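Colleague: Could you take me through one part of this model slowly? I'd like a close look at a single sheet, and then a word on how far to trust what surrounds it.

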Amino acid sequence: MGDATAGAGAGAAPPYRPYRLLRTVTAHSRAVSCVKFSPPDGRLLASASLDKTIAVLCSSTLATLATLRGHSEGISDIAFSSDASYLASASDDATVRLWVLKNLPNSNPNSNSNSSDEIGDRCVRTLRGHTSYVFCVNFNAQSNLLVSGSFDCTIRMWDVVTGRSVRCIKAHDAPVTALHFVRDASMIVSASHDGSCKVWDAATGSCLKALIEPGKGPAVSFAKFSPNGKFVLVATFDDTLRLCNLANGKSLKVYTGHVNRVYCITSTFSVTNGKYIVSGSEDKCVYIWDLQGKNVLQKLEGHNDTVISVSCHPTQNKIASAGLDNDRTIKIWVQDA
Amino acid sequence: MNVPIIDPLQGDFPEIIEDFLQHGNMKCIAFNCHGTLLAAGCSDGSCIIWDFETRGISRRLRDSATISPITSVCWSKHGHRLLVSATDKSLTLWDVKKCEKIARITLQHTALHARLDPGPVEPTICLACPLSSAPLLVDMSDGSSSVLPVSVSQEGNNYIVAPIPRKFSDGSTPFTPTAATFDRSGELICVGNSKGEILIVGIKTSKVYGIIPVPGGAVIKDIVFCRTGQYVLTNSNDRVIRLFENLLPHNNVINELEIIDSLNNNTNNNVEEYDIVEKLKTTGTKCIKYLREFQDVVTKIQWKTPCFSGDGEWILGASASKGEHKLYIWERLGHLVKILEGPKEAIIDVVWHPERPIVVSVSVTGTAYVWAKDYVENWSAFAPDFKELEENEEYIEREDEFDLNPREDEKEKEEVVDEDAEVDIENIEEASIITISNGLHEELRYLPAVPSPDLSEQQDKYPASPSRLEESNNSASPFDNDVVTNGHASSPMEVAENSLAEEDGGASSKRKRKPSAKGMEMQAEKDKRPATKNQKSSSVSKTSKPRTKYDIDSDQDDEFTDGFVF
C-alpha cells in the first residue's frame, strides 16, 4: 500500500487523496516492458512484454481479451491509434507491427492467463526498415502516421495505410529512446542516449530545436509533450525528471526522489484529478509528484522489481504500472473517491 | 503553439519540385479547406483523394456510371462533400467520409468548371460553367437548374441571358468560355463575360446587381477569389491577369447591394432616361475596384488557371503554352518574384496549398508535381549556443575579454527561472491562422487511415542471409521502400472498405525519393550479416546491457541477426 508523504503544499487546493492498489494482473511470462491505456476512453489496457506477446485486457475487469503474437523477439513499446482501433508495437526483431483491435470479445472473465481466443492473425502489417532494435513507437493524432525510433539511431515515419516508410531521419548519435508527437502532430520530440533531446518538424523532417544538446549531460531516457504541447517532460539518467519550456528550452520544474540510472522508464502527466507527474523507478516504487510544487506526494510500493512503465487512465483516476523480470505483473492503482 | 519555433517566413513561395504524385492519369486537383487532403480527378472517371501529409492515397471514389474524364473537382467549404464534373455531361456529388455518391445529374452541356456553394456546411447548390454557354446554377437535390445572366443590354430593361457570340478578327472559334465563381459568402456569383465585364449576380434572385468593365475589354477566361474573399483575379484573352479588390462586406452582401441599389435609384430619380447599364456600372464601382495587372511583357504568353496563395500575398499564373511547364509568381503588389520551371510538359491544372508555401501542378502526362520551398538545414537548431552568420564578420573583442577575473554582472546574466511559478500544461491558445470557417462547424480534415494488409509481393533476394523470422522475404531494393510480407497468412478481416490492396501490387503508385543513405547501408549490412553476426551479438549483450530497457539474455542473441549501423 502506498503511504502519503508530507503535505501537498497546496493550501487552497483540495488535499491529496492517495492512490491504493486495486488489482494485480500477471499476463506475461517474462518482464513487462510497456503498459498503456487506450485513448480516448481508456476502455482497453495493453501490455507488451519480453515474452514476445502483447496482452490486451479490458481495463475495468482486467480480463484478457486478446493476446497478440507474431514478433520473434521481445517488445519494447506499444502505442494505440487515437480511436484505439489499431495498435503498433516496436520490437527487438527490428520491425514495427500494426495490429487491428476491432471485434474484441466482450470482457467475460476468462482468466488472467494467456489463453488466446484468436481465430486468425490480428497482425495487419509488418513495417520493415530499421536495422536494429526498435525501441519506441507512437501514432500522430490523426493516426495516419507512425513514428518509430530505434537502436540504429534513426527515426522513421511510416504511412499507416500503405506501410511505406515516408521518412528516415538520422536523428542522433546513439539509440533513440523515446518519441512523441505534439498534440497537433506538427512536431516530434525525440530523446536519445547521446544525452540530447531534439524537436523535429513532422512535415519536413528537419530539426527545429535541440532542447538539450548532445554530450552535455547524462543520457535522456524519456521525453514527452505536455497535453497542450508547450512543455516537454524529460527524464535523464541522473534520477531527474524535468519539465522544460519548449520555446526557450529552459527547465522550469525539476522532480527528484526516484531512482533512474539504467532503464528507460516512462513517466506521464496525470490530469484527471489534480495535476501530477507520475513515474516508475528502479527502487520498485511508483512516484507521484505535485506538478507545481515538485514535492513527492506518494510512493506506491508493491512491485518486486523496477517499475518500467506507468500509464494514466484518460478519464478515471487510475494508474497502471508494470514491473520487470522479478515482478512480471501489472498493477492497477486507484484513487479513493 | 509551434509559432515561436518555426521560421516566421512561412508565408513564402515554393522554389523547387519536392515530390511527385502519380496514380493513373490525373486531370484536375483541389485541396480541401486546410490542405490536408488533395482530391484529384482522373481520366478514367474516378476521383482519388490523397492524404497530403503522407503523400499516399487515402480513398478512391469510383462510380460505375462515370467512365469519362473528370473536368473539375470541388470541395465543400468544410470538406464533407466533393463535386465532380465529367465530360459525359454529368455532375456527381460525393459524401467524402462515407465514400458514397449523394446525387448524380446529367446536364445539357459538359461543365468545364463546377463549384459548390461555399455557404452551407452540406451544400446542394452548385455552379456549373459549360464550355460555350452561360453558367448554370444547379440544385443537386432535385436536378433543377437555372441559367445565370451573362450580360445586360439596354433594350427595354431586360437581361439578355444568352451569351453574345463574339467573332475574333482572325476568325477563330466562337466558343467563348464564360467564367463564373461564388464569392466567399455564397450569396453572390461573379460572372465574367465575353465583352470583358464582370457581373455581380445574386444567387437567390438571379438579379444583376453591378457591372464592372475590365480594362482591355477582352474575353474573360477565369475569375478567381482569394480565400479571404478580399481580392479577385481575372484572366483575360489579352494575356493579362488583372487584380481587383472586393469592397463588399463578407456577410449580408445582398443587403449591402440592395442599399446601394436604392441609393442609386434615389439619385437617378430626376433623370429622364433610365439607363440600367450606367446604374449597374455605378453600383459596380462600389463593389469591386481595379488594382493592377500582371503579364509577361516579353513573351506575352497566355495564362491558365491563375490563383492566389493561401494568404493572398502571392499570385500565381501558369503558362498556357504547350511544351513548357512554367509557373509565374508575383507579389500582390505587382513585382514578379519567381518563375518556376518544370519538366517540358504542358500544365493542365495548378493549386496553391491553403496554408503552406506549397504548389501542386498537374502536367499533361497526368502526374502531379509538388513544389515546395528548398529545404535548408537549420544548423543553429543543433547548436543553440552558436549564432548563425550570413557571412564572415570581423569580431572585435571587449576591453575586458581576456581578464582573469570575470565581470561581476556576468554572473547575473543567467535568467532566474522562477521554479515555483505555476505551469499550465493543459490550456491551449489557438494561434491565429487565416481560417475560412467560423469554427462552429465540424470540419472534415482527415480521413481515418485504414492500413491495407500485407501482400506477398517481393521475392527473397538474399537467400544466404539468415532469416529474421520463420520465413521472411527481404525487401528488394533500398529505392523502393515497399513493405514485405511476414510469411503469415494475413487475412484482411474487416480492414478496408476501400482497400487499395489490388493497386499496391502494380507499380502505379510510384514514389520517387532520393535513396537514403540509410537504405544503402541497410543493403550493405545484409550482405555483411553472416560474417559479423557473432561479433555484433556479443557487443549487444555486453556494452548495451546497462542501457537497455530490460535485460537481454545472451541466449536471445542467437536469433538476432541485424548488426548496428552507427
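Modeller: Here is the sheet, followed by a stretch in the other chain and the confidence scores. Keep in mind that this is a predicted model. In chain A, four strands make an open sheet, running in the order β11-β12-β13-β14 with antiparallel pairing. In general, strands of a sheet pair through backbone hydrogen bonds, either parallel or antiparallel. The edges of the chain A sheet are β11 (134–139) and β14 (165–170); each has a single partner strand, so one side of each is left without a neighbour in the sheet. On average, neighbouring strands here are turned by 20° against each other, direction ignored. Now zoom in on one edge: β11(A) pairs with β12 of chain A, residues 145–150, in the antiparallel sense over five bridges. Along that pairing, A:Cys136 sits opposite A:Gly149 in β12(A).

Over in chain B, an unreviewed UniProt entry annotates residues 70–104 as "repeat: WD". In the model that span is 66% strand and 0% helix, and its end C-alpha atoms lie 14 Å apart.

As for trust, chain B averages a pLDDT of 71, with 66% of the residues scoring at least 70. Residues 161–168 of chain B have pLDDT below 50, and that stretch has 19 contacts in the model beyond near neighbours in sequence. Residues 456–566 of chain B are also below 50, with 207 contacts beyond near neighbours in sequence. For the complex, the predictor gives an ipTM of 0.74 and a pTM of 0.72.

Conventions
Residues numbered from 1 in each chain as written. Chains lettered and ligands numbered in written order. Predicted model: local features only at pLDDT ≥ 70, side-chain atom pairs only at ≥ 80, totals over all residues. Heavy atoms only, no water. UniProt positions renumbered as here; feature names shortened; annotations may be inferred. Helix = DSSP H or I, 4+ residues; strand = E, 2+ residues; numbered from the N terminus. Pairing = 2+ DSSP bridges. Axes fitted to C-alpha atoms, helices over the stretch in contact; angles between N-to-C directions. pLDDT = per-residue confidence, 0-100. Contact = heavy atoms within 4.5 Å.
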